Structure formats: structure tokens, C-alpha cells
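Work through the following exercises with the coordinates open in a viewer. Each task is followed by a solution in steps.

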Amino acid sequence: MKKLTPVLLIILAPLFSRAQQADTSTLTKPGDISPTFNFNPAKDKTANLTDYKGKLVLLDFFATWCPPCRLELPRIQKEVWEKYKDNPKFALLVVDREEGWNIISPFKEKNGFTLPIVPDEKRKIFSLYATAYIPRIVLIDENGKIIYQSIGYVESDFNKLLDLLSARLN
């Protein structure tokens with residue numbers, strides 16, 4: 001599935017979002033302290049989630065080949081990243097499951113994305129939160145506690161996320 005049309009994405013999205021209905025794949029829940037992990041915000045740089053203590057951190061697990069991810073990511077770019085990127089109390093990490101810089105860099109360029117996408121080639125980060133299903137959003141508060149999670153791209157869930165971000169950051 002290298003190239004997906006918007007119509008095909010819309011048709012497939014509800015199928016992927018059904019993962020929420022019988023979820024046994026989620027390893028964390030709201031109220032838990034988020035697992036910490038190292039990641040590469042750039043090819044030659046390493047960071048840790050604890051570096052973001054004191055910020056509201058949005059993790060968005062996705063892959064470039066995933067139809068509902070490709071519906072959700074433009075909204076993350078426009079309605080989250082472009083709105084809050086300069087807010088010192090906010091951080092966004094889009095975690096690309098099983099893909100490296102060789103996929104991420106051209107994908108960002110082709111789609112005009114400026115949001116931070118980090119590789120998770122061996123699912124080391126993803127496996128701390130779940131065993132299956134993307135897209136998956138985890139929102140972590142300033143003290144490292146998970147305050148919101150969602151699986152799949154469901155417009156009403158995404159709108160709840162936007163409301164929560166607005167209440168916490170505006």
C-alpha cells in the first residue's frame with residue numbers, strides 16, 4: 001500500500017478504528033505513570049522522555065503505510081503542531097513504528113510535514129505502551145502521568161483530544 005487515495009483512506013479508517021472495541025493490546029491506561037524511553041529527535045541526537053518533564057507531551061504512534069494514520073497526521077500537523085509548537089508547556093513526538101530515517105525524511109518532505117517524527121524501527125518505544133494497533137495517541141501530563149489514550153483514528157476521539165489540549169494549554 002504505497003499510495004492510498006483519500007477515498008480509500010476514508011473507507012478503510014472505520015475498519016482500523018474497530019481495534020478500540022475489543023482492545024486487549026493496550027499496556028498502559030490513564031492514571032499510570034508513563035514508561036520512559038530514549039529516542040532520536042534527529043539522526044545524530046538522543047533524548048529521553050524525562051527531558052520533557054514539566055511539559056504536556058503528546059505521543060502519536062503511526063506508520064507511513066497506515067491508512068487511518070494518514071488521515072490523522074494532517075490534523076496533528078495543522079490542529080496540534082501548528083497551534084502549540086511554540087508553547088513552552090507542550091511537546092509533540094510522532095513515533096514512526098518500524099520505519100527509519102530513510103522512510104521518515106522523504107515522507108515528511110513529500111507531505112510538507114514540519115512536526116517532529118522519530119523512528120522506532122524495532123518497536124522498542126511502542127512495545128512499552130501496546131502490542132498492536134495504530135494510530136495510537138498517548139497524552140502525558142507535566143508530571144509524567146498518562147491522562148488520555150486513544151486507538152485508531154475516530155473523529156470524535158480526536159476532537160476530545162483537541163478539547164483537552166485547549167483546556168490545558170490555552
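The exercises below concern a predicted model and treat ring pairs, salt bridges, enclosed space and one loop residue in turn.

**Exercise 1. Aromatic pairs**

Determine how the rings of Phe-62 and Phe-107 are arranged, and which parts of the chain the pair ties together.

Solution.
1. A search of the whole structure yields 9 aromatic pairs.
2. In the pair formed by Phe-62 and Phe-107, the ring centres are 5.9 Å apart and the planes meet at 40°. Stacked pairs have planes under 30 degrees apart and edge-to-face pairs over 60, so the pair of Phe-62 and Phe-107 is classed as tilted.
3. Phe-62 belongs to strand 3 (residues 56-62), whereas Phe-107 belongs to helix 3 (residues 101-111). The pair therefore ties together parts that are 45 residues apart in sequence.
4. The limit for a buried residue is under 20% relative accessible area. Phe-62, at 1%, is buried, and Phe-107, at 9%, is buried.

**Exercise 2. A cluster of rings and a charge**

Identify the residues that ring pairs link into a cluster, and state which ring the charged end of Arg-97 sits over.

Solution.
1. The cluster linked by ring pairs consists of Phe-37, Phe-39, Tyr-52, Phe-61, Phe-126 and Tyr-129.
2. The charged end of Arg-97 lies over the ring of Phe-126, at 4.8 Å from the ring centre.

**Exercise 3. Salt bridges**

For the salt bridges Lys-78 with Glu-82, Glu-98 with Arg-123 and Arg-168 with Glu-142, give the N to O distance, the location of the partners and their exposure.

Solution.
1. The whole structure contains 6 salt bridges; among them are the three treated here.
2. Between Lys-78 and Glu-82, the closest N and O atoms are 4.0 Å apart. Both residues lie in helix 2 (residues 67-84), with a spacing of 4 residues, about one turn of the helix. Lys-78 has a relative accessibility of 56% and is exposed, while Glu-82, at 39%, is partly exposed.
3. In the bridge between Glu-98 and Arg-123, the closest N and O atoms are separated by 2.4 Å. Glu-98 is in the loop between strand 4 (90-97) and helix 3, and Arg-123 is in the loop between strand 5 (117-120) and helix 4 (126-129), so the bridge ties together parts 25 residues apart in sequence. Both partners are partly exposed: Glu-98 has a relative accessible area of 41% and Arg-123 one of 26%.
4. For Arg-168 and Glu-142, the closest N and O atoms are 2.7 Å apart. This pair links distant parts of the chain, 26 residues apart: Arg-168 is in helix 5 (residues 155-169), and Glu-142 is in the loop between strand 6 (136-140) and strand 7 (146-151). Arg-168 is partly exposed at 32%, and Glu-142 is partly exposed at 23%.

**Exercise 4. The largest cavity**

Describe the volume of the largest cavity and the residues of its lining.

Solution.
1. The structure holds 1 cavity of 30 Å³ or more, and the largest cavity contains about 30 Å³ of space.
2. Its lining is made up of Glu-72, Ile-137, Tyr-148, Ser-150, Gly-152, Tyr-153, Val-154, Asp-157 and Phe-158. Strand 7 and helix 5 are the elements that contribute two or more residues to this lining.
3. By residue type, the lining of the largest cavity comprises 5 nonpolar, 2 polar and 2 charged residues.

**Exercise 5. The second largest pocket**

Which element gives the largest share of the lining of the second largest pocket?

Solution.
1. The second largest pocket has a volume of about 210 Å³. It is lined by 17 residues, of which Tyr-52, Trp-81, Leu-92, Leu-93 and Pro-116 are the closest to its centre.
2. At least two lining residues come from each of strand 1 (38-42), helix 2, strand 4, helix 3 and strand 5.
3. Strand 4 provides the largest share, 4 residues.
4. The lining of the second largest pocket divides into 13 nonpolar, 1 polar and 3 charged residues.

**Exercise 6. A loop residue**

Is Ala-63 buried or exposed, and how far is its C-alpha atom from that of Asp-120?

Solution.
1. Ala-63 is located in the loop between strand 3 and helix 2.
2. With a relative accessible area of 0%, Ala-63 is buried.
3. Ala-63 and Asp-120 are 57 residues apart along the chain, and their C-alpha atoms are separated by 9.8 Å.

Methods: Residues numbered from 1 in each chain as written. Predicted model: local features only at pLDDT ≥ 70, side-chain atom pairs only at ≥ 80, totals over all residues. Heavy atoms only, no water. Phe/Tyr/Trp six-rings, centres within 6.5 Å; stacked < 30°, edge-to-face > 60°. Buried < 20%, exposed > 50% of the residue type's maximum accessible area, 1.4 Å probe, protein only. Lys NZ or Arg CZ within 6 Å of the ring centre and 35° of its normal. Salt bridge = Lys/Arg side-chain N within 4 Å of Asp/Glu carboxyl O. 1 Å grid on protein atoms, 1.4 Å probe; cavity = no way out; pocket = protein on both sides within 12 Å on 5 of 7 lines; lining within 4 Å. Points joined across faces, edges and corners; volume = space filled by probe spheres on them. Nonpolar A, V, L, I, M, F, W, Y, C, P; charged D, E, K, R; others polar.
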